[in-house]
Every structure is written in C-alpha cells, then in structure tokens.
Amino acid sequence: MAEVRKLVSVDDMTKQWWESLYTCCRDIIARPGVYADSCRGKILVTMFYEPSTRTNFSFQAAAQRLGAGVFGFSDPIGTSVSKGETLADTIRMVASYSDTIVIRSPQEGSATAAAMYSDVPVINAGDGSHFHPTQTLTDLTTIAQQRGDISDFRIGLCGDLKNGRTVHSLVEALAMFPGISFTLISPSELRLPGYLVEGMTAHGQEYTETRSLADCISELDILYMTRVQRERFADAAEYRRLKNVYILTMKTLDSAKPDLMIMHPLPRYGEISPDVDNDHRAKYFEQARYGMFIRMALLLEFMHLPRQAPPPVECRPPSAVCGNPACVTQSDTYLPQLLAKNSTNICGYCDKPISALTL
Ligand code: NCD
C-alpha cells in the first residue's frame, strides 16, 4: 500500500488506506486501553487560525488518549504570525519541534502550502470553504458504524453546499464506494461548486438537485444537514436572507424513512430543531464522538512515520497569482504556482479555475 504522508485533501486517500485506518479505529473503539501509551514521547501541534470546538478538541483528546503531548494555538495572536511571519517559516519551525501538525485556516490551500515545507505529516483541519478531510473520515466512520458498510444508499446533502467544506470532501470521498446516489438540496445561491459537480459526473456518481427538503426527504437513507456559513459571506444581507432556508423539525421527518440517518458536522445554527435530538434517527452527537476515534487511528499512523524533508520548493516568484481572494497564494505570494492534478487550468491550492489568474 502506498505510504500516505499527509492528509490535505481526499486525493491523499485511497480506499485501501481508508480500510486499514477504519480497521484500526474499530480496534481502538473496542480496546482503548491497549493504545493508551502507543504515542508516548510524540508531540502533536494544533495550529488553529479559525474557531473550532470539535476538530481542535477531538485532535487534542485523540493525542492525549494515545499518550502523546500536544501544544498549539487556537488564535495566532500570541505567535510570531502576528509579527508577519510567513506560513512557510512558521511551518518549518513547528515541524522541527513536533511529529505531526494539524492546521485550520480561512485560506484555501493553506494545508497544501504547509505540507510543502514540513518534515512531518500535515493534516488539514479545514482550509476556508475548500476541504475538511478529517471531518470526512468522521463521516465515513459514522456511516460504516451505523450501516455496517459504505455502499448502496441515497444521501441528501442539505444547506450551504457552496461554502460547506465538509460537504466538498465528503462528495469526493464517496466516489470510492459503490452504489451511492446524491440529492443536492440547496437554494441556487448555495449550490455545490462547479468543479465538484463535474467531478461527480466524471466519477459516474448519480445526483439530482432540488431546493425543497420536504419534497425529497422520503427518498433519503442519509440526510447530511449543514450550517449556512456566515463567515464566508461578503454580503451580510445575503446571509440574513439565506440563513434560515432549511429548518429540520419533527414535522419534516413525518415522511422520512424509519431508518433514516441524520448527520451534521456541527455546530448547528438553527437548521436542526432541538426536538429532533431525541429522535432515534439523529446521529450527529455520536458522529462527533466517532471523530475522536478515527483521529486516534490517523495520529497513530502519522506520528510514527519517519521525518522526511520535503522536496525543495522553487523560489522563483510566480508569474501569476490566483484570482480567488480566499486562496493562500494571495497572502503568501512567495508560493510557487501549482496546477491541480491532470489539469492545465485549475489552481492546485484552491481548485478554482485558473481563468481567475491575474498578473
Ligand atoms: C465544520 C467546519 O468547521 O467546517 N465543523 C466541524 O469541523 N465539525 C462545519 C461548520 O463549521 O459548519
């Protein structure tokens, strides 16, 4: 099996790698005591440039349950980042003190950039509205634990499909599994980005799009609710207009299947009414707990990898920078130009079309 040395996007995963990770996760759930010292002497660093509860704390809990030490920040204000240090230099330093780095940033492509300068594995804990691959590991674990396997279901993805990074990674990851169909439920303003829709077509993934949750809920095996991502809106009035577009209530569930699984990466902000929490179909709190176990499996693997210097990064100034205002190349202008795999016109950091390049 090819060695996986970083997890910045679903492209870093293979089905075989997922299967071995999940096997390890199941053993951790069954026999947690066996793993209590398995990362003793190792150090995890958590760099959170954006707010987090579940992801940050579940990584910290995962590391400590393996016996590892953890340090990091949940706000860069107390670090040299506030003195203007580049991401590349910060990562070089942090990598020299640690065995694995977890990074969350509002900038799309930041984890890809970080991995280019790190001797130790880098894990993307969310890069802007781009990807969130360890939430996807959490989601896959939840589905596998609840359904027995990951195949043959219709999943409804509901809410902010444009800005929700958990949805983006999940859609890509589900291409590895057979018999999965999608119902994309969003207002037209919050549709799934074009590159992901094209990817679904290329992978032969069947999907339909609708604005109405009530109209399609009876067909779903899994309903994946998401929060309208206020922090990604340039226009506050547009956010206010869209924020309550979906509210899942017990009444909406009247026509749902009795074995529907309701998932949500959390936090929620009104899109699932609290009375749904007591319904046997609500799985979002269990989902959050599975996240800690699959992150333990991931850290167990990554923290034991030997340090490895990355290939030297080209120092030539880029001839162009990506026009996506949220792309990491906008702030870290020393980064070399990168194209997405098998493409001549997609930015390799943020996956936005290169037609947006400006000189
Ligand atoms: C999500 C995120 O940060 O993208 N939360 C999480 O990590 N579980 C979802 C969200 O913030 O809406």
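**Sheets and helix packing in the predicted model**

In strand β9, M261 is the bridge partner of I222. This pairing belongs to a model that is predicted, and the description below begins with the sheet in which β9 takes part before turning to the helices.

The sheet containing β9 is open and is built from 5 strands in the order β7-β6-β5-β8-β9, with parallel pairing. Its edges are formed by β7 (206-210) and β9, each of which pairs on one side only, and from one strand to the next the twist averages 20 degrees. Helix α6 packs on this sheet, where it touches β5, β6 (180-185) and β8, and the direction of α6 makes about 160 degrees with that of β5.

Within the sheet, strand β8 (residues 222-225) has partners in both β5 and β9. Strand β5 (residues 153-158) runs parallel to β8 and is joined to it by 4 bridges, with L157 standing opposite Y224 of β8. Towards strand β9 (residues 261-263), β8 is joined by 3 bridges, again in a parallel arrangement, and here L223 stands opposite I262 of β9. The side chains of β8 alternate in direction, I222 and Y224 pointing one way and L223 and M225 the other way, yet all of these residues are buried. Y224, which faces L157 across the pairing with β5, thus points to the side shared with I222, whose bridge partner in β9 is M261.

A second open sheet comprises 4 strands in the order β2-β1-β3-β4, and its pairing is likewise parallel. The edge positions are taken by β2 (69-73) and β4 (122-127), each pairing on one side only, and the twist from one strand to the next averages 15 degrees. Strand β3 (residues 100-105) runs parallel to the edge strand β4 and is joined to it by 4 bridges; in this pairing I103 stands opposite N124 of β4.

Helix α6, introduced above through its packing on the sheet of β5, β6 and β8, is largely enclosed by the rest of the structure, because 9 of its 10 residues are buried. The buried residues of α6 are R165, T166, V167, H168, S169, L170, V171, A173 and L174. Besides its contacts with the sheet, α6 packs against a neighbouring helix in sequence, α5. The axes of helix α5 (residues 133-147) and helix α6 (residues 165-174) come within 8 Å and cross at roughly 60 degrees, which makes α5 oblique to α6. The crossing of these two helices is right-handed. On the side of α5 the contact is made by P133, Q135, T136, D139 and L140, and on the side of α6 by T166, S169, L170, A173 and L174. Taken together, the residues of this contact divide into 5 nonpolar, 4 polar and 1 charged. The α6 residues T166, S169, L170, A173 and L174 that meet α5 are also among those listed as buried in that helix.

Helix α5 also holds T138, which counts as buried because its relative accessibility is 2%, below the 20% cut-off. Apart from residues up to four places away in sequence, T138 touches Q287, G291, I294 and R295, and these positions fall within the residue range 284-302 of helix α10.

Helix α10 (residues 284-302) packs in turn with helix α1 (residues 15-30), at an angle of about 115 degrees and with the two axes 9 Å apart. The crossing of α1 past α10 is right-handed. The residues in contact are W17, W18, L21, Y22, C24, C25, I28 and I29 of α1, together with Y290, F293, I294, M296, A297, L298, L300 and E301 of α10. This contact divides into 15 nonpolar residues, no polar residues and 1 charged residue. One of the α10 residues in this contact, I294, is also touched by T138.

Beyond α10, the loop between α10 and α11 (328-331) contains V321. With a relative accessibility of 23%, V321 counts as partly exposed, since the range for that class lies between 20% and 50%. V321 and D332 are separated by 11 residues in sequence, and their C-alpha atoms lie 9.9 Å apart in space.

Notes
Residues are numbered from 1 along each chain as its sequence is written. This is a predicted model: local features need pLDDT of at least 70, side-chain atom pairs count only at pLDDT 80 or more; totals for chains, interfaces and linings use all residues. Side-chain values use heavy atoms; hydrogens and water are left out. Two strands pair if DSSP finds at least two bridges between them. Axes are lines fitted to C-alpha atoms, for helices over the stretch in contact, and angles run from 0 to 180 degrees between N-to-C directions. Angles under 35 degrees count as roughly parallel, over 145 as roughly antiparallel, 65 to 115 as roughly perpendicular and the rest as oblique. A crossing is left-handed if the near helix is turned anticlockwise from the far one by less than a right angle, and right-handed if clockwise. Contact means heavy atoms within 4.5 Å. Ala, Val, Leu, Ile, Met, Phe, Trp, Tyr, Cys and Pro count as nonpolar, Asp, Glu, Lys and Arg as charged, and the others, Gly among them, as polar. Buried means under 20% relative accessible area, exposed over 50%, partly exposed in between (1.4 Å probe, protein chains only).
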